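Reader: I am in my first year and would like to look closely at a single part of this model. Could you take me through one helix and what its residues touch, and then show me how the surroundings fit in?

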Amino acid sequence: MQGVTNLFYKFLGLVMVLLLAAMVFMVFGNVMLRYGFNSGILVSEELSRYCFVWLTFVGAVLTFHEQSHMGIESLVQRLSRRGRLICMALSNIVVMGCSAIFFWGAQMQFDINATMFAPVTGLSLAWVYGIGLFTGAACFVISALRLIQVLTGKISDEEIARFVGEDGQIAEVV
């Protein structure tokens with residue numbers, strides 16, 4: 001199961017690379033066309049915006065999975081192991097609540113956006129804003145799995161250290 005999960009996150013990383021490459025290609029091409037030939041491709045402007053939206057939301061899921069998001073660990077670092085576990089459980093419950101609300105809002109907007117179309121490409125805006133469904137669901141599942149690990153005691157010291165910011169990836173400013 002862990003292998004499938006790792007493959008999924010590698011796939012998301014590949015999607016991000018492809019979205020970024022598409023954005024760079026479209027924007028650079030459009031800039032060259034505008035300055036060199038006084039013309040441009042309208043579709044590339046719209047599609048690059050949509051790639052940026054998807055890149056941001058897919059990146060949010062990957063960042064959340066890797067626990068690379070911003071956090072304030074100064075209080076949590078001072079707590080005992082039990083206090084850290086309680087904070088971990090509470091933060092996962094809060095994230096699950098926020099993710100559920102985000103998913104619910106994206107689902108409510110999905111029907112509205114499905115009937116609206118992009119001005120240049122004619123794409124249904126459900127393709128653009130539907131990424132909120134994926135992001136809300138993915139963050140909810142990640143938090144739920146982490147909460148289960150905390151509640152069952154199957155959380156490793158390494159994961160607790162990463163949650164607290166003691167994993168050595170953050171360089172301290174002296």
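Author: **A close look at helix 3**

Ser-99 has its place in helix 3, where helices are DSSP runs of H or I with at least four residues, strands are runs of E with at least two, and both are numbered from the N terminus. This is a predicted model, in which local features need pLDDT of at least 70 and side-chain atom pairs count only at pLDDT 80 or more, while totals for chains, interfaces and linings use all residues. Residues are numbered from 1 along each chain as its sequence is written, and side-chain values use heavy atoms, with hydrogens and water left out.

With a relative accessibility of 8%, Ser-99 counts as buried, a word that stands for under 20% relative accessible area, whereas exposed stands for over 50% and partly exposed for what lies in between, with a 1.4 Å probe and protein chains only. When residues up to four places away in sequence are not counted, Ser-99 touches Gly-136, Cys-139 and Phe-140, a contact being heavy atoms within 4.5 Å.

Helix 3 also takes part in the largest nonpolar core, which has eleven residues in all, including Leu-85, Met-88, Ala-89, Met-96 and Val-150. A nonpolar core is a set of buried Ala, Val, Leu, Ile, Met, Phe, Trp, Tyr and Cys residues joined through side-chain atoms within 4.5 Å. At least two residues of this core come from each of helix 3, helix 5 (131–152) and helix 6 (157–164), and helix 3 gives the most, with four residues. Seen from Val-150, and leaving aside its neighbours within four places in sequence, the contacts are with Leu-85, Met-88, Ala-89 and Ile-155. Apart from this core lies another, of ten residues, with Leu-12, Val-58, Val-61 and Ala-138 among them.

Before helix 3 (81–114) comes the loop that separates it from helix 2, and Gln-67 is found in that loop. The phi of Gln-67 is near 55°, a positive value in a residue other than glycine, and Gln-67 is buried, with a relative accessible area of 14%. Asn-38, in the loop between helix 1 (2–37) and helix 2 (42–65), likewise has a phi near 55° and is a residue other than glycine, but Asn-38 is exposed, with a relative accessible area of 72%.

To end with helix 1, Tyr-35 lies there and counts as exposed at 75% relative accessibility.
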